[in-house]
Amino acid sequence: MEFTLIARHFTRATPGAVLGVGDDCALLAPSPGMQLAVSTDMLLEGRHFSPQDSPAGLGHKSLAVNLSDLAAMGATPRWATLAIALPEANDAWLTAFARGFFRMADQHGIELVGGDTTRGALTVSITVIGEVPPGQALRRDGARADDDVWVSGTLGAAAMALAYRQGRLFMEQIDAARVLPALYLPTPRVELGIALRGIASSAIDISDGLLGDLGHILERSQVGAVVEFAALPTLPVAQTYLHEKVARDCVLAGGDDYELCFTAPAARRDAVQAAAQSAGVAVTRIGRIAAEPGLTVIDADGQPLPIDHTGYDHFAA
């Protein structure tokens with residue numbers, strides 16, 4: 001049964017690999033002179049997604065969140081492996097999941113070259129492999145004092161959608177419909193990450209919340225930052241709800257944005273905007289790096305805002 005499922009749903013031609021699905025290991029040949037970037041993410045039913053979620057949407061999201069890690073390193077996607085535990089061999093569910101997965105894979109030129117299946121609680125674990133020229137990977141440890149802090153796209157929509165679904169944030173139904181796609185169908189900023197090579201001094205993808213993920217850059221770079229809350233980009237519909245604390249928390253620390261947060265010298269602002277334009281995504285300057293460690297969020301009057309939490313805790317109850 002296992003090999004039938006793999007052959008039916010997950011075996012395709014892999015011209016970019018020496019050997020793909022069907023043997024004990026895949027055989028891969030990196031492009032000459034390139035370094036490999038490798039990342040793994042796991043999604044668990046009840047923790048990262050609901051049993052009612054669309055399998056096609058889950059296929060999309062499970063690969064998208066991994067591609068977001070490659071984007072944060074400025075890496076070009078090449079290959080992926082997929083391990084999936086299933087409560088039962090549901091052919092219709094797998095057909096839809098594979099459709100969403102391969103639609104995302106085809107958008108970014110990544111090939112599925114192996115993996116595993118077994119019976120168990122629904123769990124999806126993906127490893128992605130990309131390539132980046134030596135010395136050009138975007139890392140977390142390169143931020144310097146007086147660098148600008150930037151983010152791509154908009155923040156908070158996915159977290160607001162989850163808060164709405166959980167009953168923690170009341171939204172008009174028409175407004176909820178505008179934020180729900182951010183939760184179910186995130187867009188990894190792969191093209192932007194590649195375009196920022198040689199421009200950004202550091203980068204990270206926003207998976208667990210802006211403040212928490214920016215905090216990882218600050219810790220690795222041994223610097224601090226000041227973030228302007230009024231500068232944070234949100235969908236227009238979100239502005240209606242920012243008077244509520246839960247909505248503000250969604251923007252600052254909600255997670256599931258899968259946008260890029262990055263730093264760059266102030267002298268490279270034009271280059272940043274040109275890179276964003278070439279990638280077809282908006283970027284917003286939201287603050288600056290400070291020499292002294294610590295992270296401060298200020299309001300429109302320059303006064304510090306209280307910060308209750310900075311992001312998603314994977315081991316919280």
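**Exercise 1.** Is Arg269 buried, exposed or partly exposed, and what is its relative accessible area?

Solution. The model is predicted. Arg269 has a relative accessible area of 33%. Buried means under 20% and exposed means over 50%, with partly exposed in between. Arg269 is therefore partly exposed.

**Exercise 2.** Find the salt-bridge partner of Arg269 and place both residues in the chain.

Solution. The side chain of Arg269 meets that of Asp148 in a salt bridge, at 2.7 Å from N to O. This pair links distant parts of the chain: Asp148 is in strand β5 (residues 148-152), Arg269 is in helix α10 (residues 269-279), and they are 121 residues apart. Asp148 has a relative accessible area of 3%, so Asp148 is buried.

**Exercise 3.** Describe the salt bridge between Arg178 and Asp175.

Solution. The closest N and O atoms of Arg178 and Asp175 are 3.1 Å apart. Both residues lie in helix α5 (residues 173-184), 3 residues apart, which is about one turn of the helix. Arg178 is partly exposed at 47%, while Asp175 is buried at 11% relative accessibility.

**Exercise 4.** At what angle do helices α4 and α9 pack, and which class does that angle give?

Solution. Helix α4 (residues 157-165) and helix α9 (residues 245-253) pack at about 140°, and their axes are 7 Å apart. Angles over 145 degrees would count as roughly antiparallel, and 65 to 115 as roughly perpendicular. The angle therefore makes α4 oblique to α9. Their crossing is right-handed.

Technical notes
Residues are numbered from 1 along each chain as its sequence is written. This is a predicted model: local features need pLDDT of at least 70, side-chain atom pairs count only at pLDDT 80 or more; totals for chains, interfaces and linings use all residues. Side-chain values use heavy atoms; hydrogens and water are left out. Axes are lines fitted to C-alpha atoms, for helices over the stretch in contact, and angles run from 0 to 180 degrees between N-to-C directions. Helices (H or I, at least four residues) and strands (E, at least two) are DSSP runs, numbered from the N terminus. Angles under 35 degrees count as roughly parallel, over 145 as roughly antiparallel, 65 to 115 as roughly perpendicular and the rest as oblique. A crossing is left-handed if the near helix is turned anticlockwise from the far one by less than a right angle, and right-handed if clockwise. A salt bridge is a side-chain nitrogen of Lys or Arg within 4 Å of a carboxyl oxygen of Asp or Glu. Buried means under 20% relative accessible area, exposed over 50%, partly exposed in between (1.4 Å probe, protein chains only).
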